[in-house]
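Student: I am new to this structure. Please show it to me, and then let us take a close look at a single part.

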Amino acid sequence: MVQATVALPSRDDLYRPVSSLMAREDWEQLFADDIEAILALKHKHDAVILAHNYQTPEIFHGVADIRGDSLALAREAQNIKQQVVLMAGVHFMAETVKMLNPEKTVLIPDEMAGCSLAEGITAENVRTLRARHPGVPVVTYVNSSAAVKAETDVCCTSGNARRVVESLGVPEVIMIPDEYLARNIENETGIKMHTWSARCEVHERFTPPEIRQYRRMHKDSLHVIAHPECAPEVVAEADHAGSTASMISYIENNHPDKVLLITECSMSDNLSTMFPDTQFVRPCNLCPHMKRITLKNIRRSLETMSTEVTIAAEHQEPARRSVERMLAL
Ligand code: 13P
Ligand code: SF4
């Protein structure tokens, strides 16, 4: 175990946030040592841990300093004081942090933590789309590589996609790489979208019959919230569609007795501890990329200061500008 030169919270305090999700003895055996080691390493290296809402509860509640959806994490990345930033999330999220903080050390515990959307399009594909639709602005979902962002006019997240698209004041947009997000925003705004064929491998698996089945089982009391990376037919079945942060706001504002989150599995686990009066019905799909991040590899990452995220010099400035244009909105 790492020698702590900092006063750590007691084990009772560390366990409390996940006490409704796992037995104390399991937590002690599986997670407690790593959590204490990570807290000590953060102190030693002056490091901060950012965690996406899809991280497992022992990470999300155990070691994260800043938690949120992609938009919140990008916003927070602009104000980081620490010299070392560890991203408990996927690679494009770590790249966004590095873009906004080129002088800091940005770590990702597993560089294979990718994303089917980010891998679904290349910079060359963007140039082809531009040539096909001359003069049409390119809006790129942050779930994309730095090379693709560098070809982009402005980025968006699921939390601000509508606002970003409407801010352009144009009748048509190239919106990439998520075909479903683009179609959902087209339905909301009436602005014509030229799309790409990439999809989120987690959200594309949900279907309308699955949601109808849950409605039949739970009757009127069920509130269904879908992520806009789902197919438009799935979003049409939901009471609300929005980013993972928007899902939290919906529950805060509506106090549903029962909620079905059409998204990644850890979301319901993490929120069930924050909203004990809401019952979370749990059909979910796991993101294999998000699940590559574990307490063990977070600890190793801080012990070895690896893997450091880098961005090719030619992509750094243009990619950063497309993210900053989004954040300025
Ligand atoms: P948000 O948390 O921004 O809604 O993104 C969801 C997602 O799939 C991130 O990979
Ligand atoms: Fe990518 Fe989907 Fe996983 Fe998010 S949930 S990282 S969009 S594959």
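Student: Does Trp27 count as buried or exposed, and at what relative accessibility? Please start there and work outwards.

Tutor: This is a predicted model, in which local features need pLDDT of at least 70, side-chain atom pairs count only at pLDDT 80 or more, and totals for chains, interfaces and linings use all residues. Residues are numbered from 1 along each chain as its sequence is written, chains are lettered from A and ligands numbered from 1 in the order in which they are written, and side-chain values use heavy atoms, with hydrogens and water left out.

Now to Trp27. At 1% relative accessibility, Trp27 counts as buried (buried means under 20% relative accessible area, exposed over 50%, partly exposed in between, with a 1.4 Å probe and protein chains only). Its ring has a partner. Tyr15 and Trp27 form a tilted aromatic pair, 5.4 Å centre to centre with 55 degrees between the planes. The rule takes rings of Phe, Tyr and Trp (its six-membered ring) with centres within 6.5 Å; planes under 30 degrees apart are stacked, over 60 edge-to-face, the rest tilted. By this rule the count is one aromatic pair. Tyr15 also counts as buried, at 11% relative accessibility.

Tyr15 belongs to helix α1 (residues 11–15) and Trp27 to helix α2 (residues 24–45), so the pair ties together parts 12 residues apart in sequence. Helices (H or I, at least four residues) and strands (E, at least two) are DSSP runs, numbered from the N terminus.

Helix α2 leads on to the largest nonpolar core. That core has 89 residues, and Met175, Ile298 and Met326 touch the most other members. To this core α2 gives the most, with seven residues. A nonpolar core is a set of buried Ala, Val, Leu, Ile, Met, Phe, Trp, Tyr and Cys residues joined through side-chain atoms within 4.5 Å. In soluble globular proteins, nonpolar side chains tend to be buried together. Apart from the largest core lies another, of 14 residues, including Cys230 and Val234.

Take Met175 next. Leaving out residues up to four places away in sequence, Met175 touches Val139, Leu181, Met193 and Trp196, among others. Contact means heavy atoms within 4.5 Å.

Strand β7 (172–176) is one of the elements against which the buried residues of α6 pack. In α6 (residues 123–132), Ala123, Asn125, Val126 and Leu129 are buried. Seen down the helix axis, these buried residues fall within an arc of 155 degrees, so they line one face of α6. The arc is that of the directions from the axis to the C-beta atoms. The face turned away carries the exposed Ala131 and Arg132.
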